[in-house]
Amino acid sequence: MVLVEDVTNSANGSTSQNSSNTQNTQQQTSSGLSNLISNDKISFFLFLIRLFNIACVLGFLIPFFGYDQNTLYQKSILASAATSALKLHQRLQAERFGLNREYFSKVISEDSFHYLLYSLIFLNVSPVTSIHIFFVYLSNLSFIY
């Protein structure tokens, strides 16, 4: 693509041209972000949930924010469960749902299903830091690699 510019000696012309170029760049950036979000909504929500999970874990480990530690623990475990459920949904999108042995064997064989069960099990226990770090690692495993 070729960009053709009208070069003039007046300062007013160049200022208005710079502002129009800036506006075009901002519109392209915002449309690019909205296109990214609309094309893959589940991945975008996974990203947001992972950020929320990391924020809850930091609030749990570093109690400077003034929030209840048990609440932050439960929120981070629920965020981990939501991440696992969405990842399980992504992996099983191609499979047709059915109440048969084959479908349930595919669900049970997924790692995300096990992480979802672990999250639900540890939701009702008292906060343990080692479990917390384990779940943050699991929920962000595919995010890191």
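## A guided tour, starting at F104

Select F104 to begin, and note that this residue counts as partly exposed, with a relative accessibility of 38%. Keep in mind throughout the tour that the model on the screen is a predicted one.

**The aromatic cluster**

With F104 still highlighted, add F97 and Y103 to the selection, since these three residues form one aromatic cluster. A search of the whole structure finds four aromatic pairs. One of them joins F97 and Y103, whose ring centres lie 5.2 Å apart with planes at 80 degrees, and because planes over 60 degrees apart count as edge-to-face, that is the label this pair receives. Colour the two residues by accessibility and they part ways: F97 counts as exposed at 56% relative accessibility, whereas Y103 has a relative accessible area of 13% and is buried. Y103 also pairs with F104, where the ring centres are 6.0 Å apart and the planes stand at 70 degrees, so this pair is edge-to-face as well.

**The whole chain**

Now zoom out and switch to a cartoon view. The chain holds seven helices and zero strands, and reading along the sequence gives the pattern α-α-α-α-α-α-α. Of the 145 residues in the chain, 25% are buried.

**Helix α2 and its neighbour α3**

Select residues 41–61, which make up helix α2, and then residues 69–91, which make up helix α3. Begin with α2 alone: at 1.5 Å a residue its 21 residues should span 30 Å, and the C-alpha atoms at its ends are indeed 30 Å apart, in agreement with that expectation. Show the side chains of L46, I49, R50, N53, C56, V57, G59 and F60 where they have them, for these are residues of α2 that are buried.

Bring α3 back into view and look at how the two helices are placed. Their axes come within 9 Å and cross at roughly 155 degrees, which makes α2 roughly antiparallel to α3. The crossing in which α2 passes α3 is left-handed.

**From α3 to α5**

Stay on α3 and select A81, which is found in this helix. A81 is buried, with a relative accessible area of 7%. Add L117 to the selection and draw a line between the two C-alpha atoms: the residues are 36 apart in sequence, yet 7.9 Å apart in space.

Next, show α3 together with helix α5, which covers residues 111–122. The axes of α3 and α5 come within 8 Å and cross at roughly 160 degrees, and the two helices are therefore roughly antiparallel to each other. Here too the crossing is left-handed, as α3 passes α5.

**Down the axis of α5**

For the last stop, hide everything except α5. Its twelve residues should span 16 Å at 1.5 Å a residue, and its end C-alpha atoms are 17 Å apart, which agrees. Highlight S112, Y115, L116 and S119, which are buried residues of this helix. Where do the buried residues fall when α5 is seen down its axis? Turn the view until you look along the helix, and you will find them within an arc of 105 degrees, so they line one face of α5.

Conventions:
Residues numbered from 1 in each chain as written. Heavy atoms only, no water. Phe/Tyr/Trp six-rings, centres within 6.5 Å; stacked < 30°, edge-to-face > 60°. Buried < 20%, exposed > 50% of the residue type's maximum accessible area, 1.4 Å probe, protein only. Helix = DSSP H or I, 4+ residues; strand = E, 2+ residues; numbered from the N terminus. Expected span 1.5 Å × (residues − 1). Arc of directions from axis to C-beta. Axes fitted to C-alpha atoms, helices over the stretch in contact; angles between N-to-C directions. Parallel < 35°, antiparallel > 145°, perpendicular 65-115°, else oblique. Left-handed = near helix turned anticlockwise from the far one by under 90°.
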